[in-house]
Structure formats: structure tokens, C-alpha cells
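Me: Please take a close look at one charged side chain and its partner, and then follow the account outward to the other contacts and the local backbone. Please state the criteria behind each term as it arises.

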Amino acid sequence: MSKFEIREEFYIDDNKFKILSGAVHYFRIHPSQWGDTLFNLKALGFNTVETYIPWNIHEPYEGKFDFEGIKDIEKFIKISEKLGLYVILRPTPYICAEWEFGGLPAWLLKDKEIKLRSSDDNFIEKLRNYYNDLLPRLVKYQVTKGGPVLMMQVENEYGSYGNEKEYLRIVASIMKENGVDVPLFTSDGTWIEALESGSLIEDDIFVSGNFGSKSKENCDMLKDFILKNGKEWPIMCMEYWDGWFNRWGEDIIRRDSIDLAEDVKEMLKIGSINLYMFRGGTNFGFMNGCSARGNNDLPQVTSYDYDAILTEWGNPSDKYYELQKVMKSLFPNIVQLPPIKRILKNLGSYKVDGTANLMSIVSDISKEVKTVYPKGMEDLDCNYGYMLYRSKIKNYHHDEKLKVIDASDRCHVYIDEKLIATQYKEEIGTEVEFSSDNEFINVDVLVENLGRVNYGHKLNSPTQRKGIKGGVMINNHFHSGWIQYPLYFDEEMISKIKFEESIVDKVETPMFYHFTVELNNINDTFIDCSKYGKGSVFVNGFNIGRYWSKGPIQYLYLPSGFLKEKNEIIVFETENIIIRELEFNDKPIFLDL
């Protein structure tokens, strides 16, 4: 059993220890690749892996916990330990991480009065229930129990959000009540306001900083703060940003590998480091986050490549080899090994062999909910994905007017199953005109949740509640009498789709396209989405993520772990584009914006 201490330096068994860590998010990587990814971290000469733990995937519905498959944090820790890596865990209520709602569960929003990331009794009660299930799974892996876990985080970048020390103390106390006895820490930006607001240095909880350049300047600010509070602690950058995330409709952000290597070298001469990210991975399903810029929400892409040390698919980037040189120059006796490289192949192309019209099958795959006025998505436990709102109106045989009031984030309006408008948050509320020859007119509104913000002032904003919240006005009055269909597209819901063998030559509503893919050899691959509009792809029932023609990514990475000899792949397309073929590629495809 090792003893880990924070004195003027980090110590393990009374020996000085420099933490050389890389961030690897188990929930963004297929479990079959955890071992290879962690091996490559160790092969670089690093000794520690760090990971966030997102609340929203482990408690998807209140009181229902899930730690299976890609969510098996214990298995991830065990693989890390077997490879000789120490572990830093960040089981914070909020993680940011460009993840849906910063890791906060969407079901919290059912309580209209809740104050997130605060000492609000309702929030703390729900957090306590989560920790009472989560933390007993983790504490047995602490170094104090003979495991690899060195430290755990209390809150993340709280100084960029609030300054309520009582809240931070409550989180720390719940962790300790559940058996956490390794050192606790906070991490914030290194400016004084953030450090003072987000830390518990007065309670002897270790303080770390987050930055990605100007190592000396940032470390000096962090060190000054620590010394002014009477502590003699080592300097650690808990998130050394080696790349950046990307948004739909914006250029890919890249960072020069030599520039990064020089900055990391400067940091390692000063203190310990956690590279954020070592491997970014993929925002599978509907878990992409969203940036808030002023009043605008800017959803992030499915790929979380991050221009990191390993690519989205796990291969060494140029940065890996530049860092190899840095590590060897600073630590000549360090053991380095050749990294594992994954093989990616073009698995060919396949013709569509079945189609299904969402409007025709929606009642077969989703439970209908009848209400007088439209309900928000969270109210009906549709936390992610889409909601279809359906009603009928009497035809007065003149031009009708419709406007959706207070909805998030993207609305398709259909009249008699024909698209008449697509509106985003900035346009929602704008009136649209329509007419029909039918005695009763069918009205459908498909609302897509594009992702909740993961950082900033909007976390507690009503704007993060999705679906139609105000209602639908038709001819200047709020229309009543609605049927809602939650469309979260989990494996069970996808399995209920019944496909027609006939192939369509015209579409006016969202469609599902079915492909049967039989493989003799199974490899990692990319799905070419460059001819598609907008939607998601499901591989053997698993949602591998969203695609969108606005770019910059025009692909979905498909790990071999999701494939088998005979595969069912379903494309859900919302933009009235006919999809006739599923094409694979051996490399990612980008739109030149």
C-alpha cells in the first residue's frame, strides 16, 4: 500500500513524485480501446491518467444508476492500475468538458426552482443521492486502500461560475462521509478572482490551475496565491490545454505540435501536469455540449478529437512524437515504448434496403402523451434527442398563421406532413403562413435538442429546458389539444422501427434508412456523411452521434468494437434528403469552410 502526500512537493512513500498525467475520458472511447489508449500514455513515459466522471450518464433518470459497458468506471480504473498508472478522479457535480450540460443530468430541470451548483437544499439532496451510489464504487481504489487513485476533485472551475464557499464545503463533506480519504483538490483559471472564488485553500484542500500556454506566467500567479495563503504546495496544471474543441459551422482549430512541445517543456520544468486531452474521443449519442456566446448557443460537434496527443481514433499525432523528445530530454532515464497504432479501413459501400417515415411509425416506437398544451422535453423524461408535437385544426379555408412560442433549439414545422419551415432559437416565434385543401389540417412540430450549454452563465437559465415551453399560436390564439412523442432514440426505441422494403424517390418528412452490412474483417472505420443533411446514425442499436452538412466534420468515427459480422445500421435524416447508399472511408472527411 503506497502513501501519497502533498507537502512542498508530491510524495509517494516519502519519495518526491512528479505527476505526469494525461486526460482520457472512458465515456468517449469504446471499452475495447481503453487498454491501448492507456498503454500509449504509459509508453510516452507518463505515470498517471485523469478522467472526469459525468453525473448525467451514470444517473440518466433520477434514482436509476448505470455503470455498464462504456460507463464502467471501475473497469477503467482496473486497466489503468494493471498498466502501472496512477489515477486522478474528478467526480464533480459539474465537469464542463464540452459535454452535454457540463455533466449535470437534464432531469434536474424538471424542478423549475432548483439552483444548480449551489447549497440549495433540492440540489444538494439530489447530489447526495448520486454520491451515495457513486462514491462507494470508487473509494476502494484509493491509494489509502492499496489502489491507484491519488486524488479526487471537489468542483471544477467553480471560480468561473460562483463563489459560494458553503456549497464547496458541502460537496467536500459528502465526499468524506462516503469514505474519500485521499487528498481533495479544486482547479480553476489562474487569475486571482477565480482562485479565490473557486478554491477551499483555507480548508487545506489542494489548489491547481487550468491553462494551456504561458506556463511561467500562469504558474507564477498560482504560486503567489498559494504562498499568500500560507501554504507550501507543489504547482500543478490540472488541465494543460494541448488543443481545442470545435463547433458546427466553424473551422477546425489546430495547434502547432512544436509550439505545444515547447510550452509543455516549460511547464514540466516548473511543476506537474495533466495534458487535456491525451485522447479526446467521441461525443457519442446526443452528448455533445454547447457554447454560450452572448445570447447565442453554439452547439459543438460529435468529434472530440481536440487536436489532442492521440487522434479521435486513438493513433499518435505529431504532438505525440514531439512530446516523446521533450520527455527524453528532461528525464533521460525514463522508459518509453513504441505506441500502438490502430488500423482503419474503408469497409466499402452498401445500398439502402429499407425505409421508414417517422410520421407514419412514431406511434409504434414512442408512447404518446396527450396534453392540453405542449409540454417541455424534460417534463416528459425526454432529456435528449427530439420531441414530436402533433395536433389537428379545423380548416377555415383561408391562409392560416402559426408561430411557436419559446422553444429550444430547432423546429421543423409540417403541415399535412409537408415541411413549411425550419426555425432556430433566433427565429422561433416568427409567424409562418400555410393553407390546405383538407377539412382538418394535420400540424406536426419536430423539435431537436441541439445540446445544453456546458459552461458559463446559462447553466441556470430557463433556456436550457428543451422542447416547446410557451405553446403554439395558430391564428392569434394558443392552440390546445396536443399529442407528444418523446424521441430519445435509445436501443429499445430503435429496435421497434418496422421498415418497408420499397425505396423512396421523394421525401417530405424525416426518414429512417436501413442498411445491412455483412463483414468478413472488422476494423475501425469512418462513415462518410458528406452527402447527408442532418441526423444521427445507429449501429446495432447504439447511437454513434450526430452528423450535419454545415461541417466542419463530414464523418462519424465508427470503432470496431461496435461492429460484428452482420450489422444493422440505421440513418435518421431530417432534412428531406434521400439517402440511397452508406459509404465508409479509411480517413475522416472535412468540409472546407
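Reply:
**A charged pair and its surroundings**

E583 is partly exposed, with a relative accessible area of 22%. In this usage, buried means under 20% relative accessible area, exposed means over 50%, and partly exposed lies in between, with a 1.4 Å probe and protein chains only. The model is a predicted one, in which local features need pLDDT of at least 70 and side-chain atom pairs count only at pLDDT 80 or more, while totals for chains, interfaces and linings use all residues. Residues are numbered from 1 along each chain as its sequence is written, and side-chain values use heavy atoms, with hydrogens and water left out.

The partner of E583 is K531: the two form a salt bridge whose closest N and O atoms are 3.1 Å apart. K531 lies in the loop between strand 27 (525-528) and strand 28 (534-539), whereas E583 belongs to strand 32 (residues 581-585), so the pair ties together parts that are 52 residues apart in sequence. K531 is exposed, at a relative accessible area of 57%. A salt bridge here is a side-chain nitrogen of Lys or Arg within 4 Å of a carboxyl oxygen of Asp or Glu. Strands (E, at least two residues) and helices (H or I, at least four) are DSSP runs numbered from the N terminus.

Strand 32 also bounds a loop of note. N576 lies in the loop between strand 31 (566-573) and strand 32, and has a positive phi of about 60 degrees although it is not a glycine. N576 is partly exposed, with a relative accessible area of 24%.

K531 itself falls within a recorded domain. An unreviewed UniProt entry annotates residues 510-566 as "domain: Beta-galactosidase galactose-binding"; such positions are given in the numbering used here, feature names are shortened, and annotations may be inferred rather than shown by experiment. Over residues 510-566 the chain is 0% helix and 53% strand, and the end C-alpha atoms are 26 Å apart. Within that range, the peptide bond from G551 to P552 is cis, with omega near 10 degrees, and P552 is found in the loop between strand 29 (542-548) and strand 30 (555-558).

The count under the salt-bridge rule comes to 46. One of them joins E50 and R90, with the closest N and O atoms 3.3 Å apart. E50 sits in strand 5 (residues 48-52) and R90 in strand 6 (residues 86-90), so this pair links parts that are 40 residues apart in sequence. Both E50 and R90 are buried. Another joins E5 and R7, at 3.6 Å between the closest N and O atoms; E5 is partly exposed at 25% relative accessibility, and R7 is partly exposed at 33%. Salt bridges also link D297, D409, K425, K458 and K466 in a network.

A further charged residue is R390, which is found in strand 17 and is buried, with a relative accessible area of 19%. Its side chain makes a polar contact of 2.6 Å with the side chain of D444. Such a contact is a pair of N or O atoms within 3.5 Å; within protein, one must be able to donate a hydrogen and the other to accept it, and residues adjacent in sequence count only if both atoms are side-chain atoms. A polar atom of the R390 side chain also lies 3.3 Å from the backbone oxygen of M359.

After strand 17, H397 occupies the loop between strand 17 and strand 18. H397 is exposed at 52%, and has a positive phi of about 60 degrees although it is not a glycine.

Strand 18 is part of an open sheet of 4 strands, in the order 21-18-23-24, with antiparallel pairing. Strand 21 (432-434) and strand 24 (477-478) stand at the edges, each with a single partner strand, so one side of each is left without a neighbour in the sheet. Two strands are taken to pair if DSSP finds at least two bridges between them. Strand 18 (residues 400-408) and strand 23 (residues 467-474) pair over 6 bridges: V404 stands opposite V472, and the bridge partner of S408 is G467. Strand 18 is joined to strand 21 by 3 bridges, and E400 has F434 as its bridge partner in strand 21.
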